[in-house]
Amino acid sequence: QVQLVESGGGLVQPGGSLRLSCGSSGLFLKYYAIGWFRQAPGKEREGVACINNGDGTTYYADSVKGRFTVTRDNAENTVFLQMNSLKPEDTAVYFCAAPSALLFKLCVSDSYDTWGQGTQVTVSS
């Protein structure tokens, strides 16, 4: 059963911004490392921006460093992905996910087994 839900995707022009949200009615996200992944047509799913639980350690793919920021709002039980200076190559379906176990590799797809349905981000002029 889907326990994570993404929202906030849409169509945006290059250079624009979007903020994606990851929420859950069944999980307290503050206790989970949450990863943002994306998958473009014909490409493998890749880790984009991930935040650990506890210490809040983050990971960003080189392609998004300086442009994307992952944050938490524990009061809202929400994890955000702020995406600025968007480029056409950012176009993809974006997913949030939670790891399956305490032992996992941050932002490595195979370490995550609870996924949202995805939200489409399209960057185009």
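If we leave out residues up to four places away in sequence, E6 touches S21, W36, Y94, F95, C96, G116, Q117, G118 and T119, and I should say straight away that this is a predicted model, so please take each distance that follows as computed from that model. E6 itself is placed in strand β1, which covers residues 5–7.

What makes me stop at E6 is its charge: the residue is buried and yet has no salt bridge, and the nearest side chain of opposite charge, that of R45, is 8.2 Å away. Which backbone atoms, then, does the side chain of E6 reach? One is the backbone nitrogen of G118, at 2.8 Å, and another is the backbone nitrogen of Q117, which lies 2.9 Å from a polar atom of the E6 side chain.

G116, also on the contact list of E6, is found in the loop between β10 and β11, the latter being residues 119–123. With a relative accessible area of 10%, G116 is buried, and, its neighbours within four places in sequence left aside, it is in contact with V2, L4, E6, F95 and C96.

F95, which touches both E6 and G116, brings me to the aromatic residues, since F37, F95, F104, Y112 and W115 form one aromatic cluster. Searching the whole structure gives 4 aromatic pairs, and I will describe two of them. In the pair of F37 and W115, the ring centres are 4.9 Å apart and the planes stand at 55°, so this pair is classed as tilted. It links distant parts of the chain, because F37 belongs to strand β4 (residues 34–39) and W115 to strand β10 (residues 112–115), with the two positions 78 residues apart. F37 is buried at a relative accessible area of 0%, and W115, at 17%, counts as buried as well, because the cut-off is under 20%.

The other pair is F104 with Y112, and here the arrangement is edge-to-face, with 6.2 Å from centre to centre and 75° between the planes. Y112 counts as buried at 4% relative accessibility, whereas F104, at 23%, is partly exposed.

R45, which I mentioned in connection with E6, appears again at this cluster: its charged end sits over the ring of F95, 4.2 Å from the ring centre, and R45 also lies over the face of W115, at 4.3 Å from the centre of that ring.

Let me finish with the charged pairs, where the count comes to 4 salt bridges. How close do the N and O atoms of R38 and E46 come? The closest are 2.8 Å apart, and within this pair R38 is buried, with a relative accessible area of 6%, while E46 is partly exposed at 32%. D62 and K65 form another salt bridge, with 3.0 Å between the closest N and O atoms, and both of these residues are exposed.

R67 and D90, by contrast, are both buried, and in their salt bridge the closest N and O atoms are 2.7 Å apart. R67 sits in the loop between β6 (58–60) and β7 (68–73), and D90 in the loop between β8 (78–83) and β9 (92–99), so this salt bridge ties together parts of the chain that are 23 residues apart in sequence. Finally, R38, E46, R67 and D90 are linked in a network of salt bridges, which I would set beside E6, buried and without a salt bridge.

Methods:
Residues are numbered from 1 along each chain as its sequence is written. This is a predicted model: local features need pLDDT of at least 70, side-chain atom pairs count only at pLDDT 80 or more; totals for chains, interfaces and linings use all residues. Side-chain values use heavy atoms; hydrogens and water are left out. Rings of Phe, Tyr and Trp (its six-membered ring) pair if their centres lie within 6.5 Å; planes under 30 degrees apart count as stacked, over 60 as edge-to-face and the rest as tilted. Helices (H or I, at least four residues) and strands (E, at least two) are DSSP runs, numbered from the N terminus. Buried means under 20% relative accessible area, exposed over 50%, partly exposed in between (1.4 Å probe, protein chains only). A charge sits over a ring if NZ of Lys or CZ of Arg is within 6 Å of the ring centre and within 35 degrees of the ring normal. Lys and Arg count as positive and Asp and Glu as negative; His and the chain ends are not counted. A polar contact is a pair of N or O atoms within 3.5 Å; within protein, one must be able to donate a hydrogen and the other to accept it, and residues adjacent in sequence count only if both atoms are side-chain atoms. Contact means heavy atoms within 4.5 Å.
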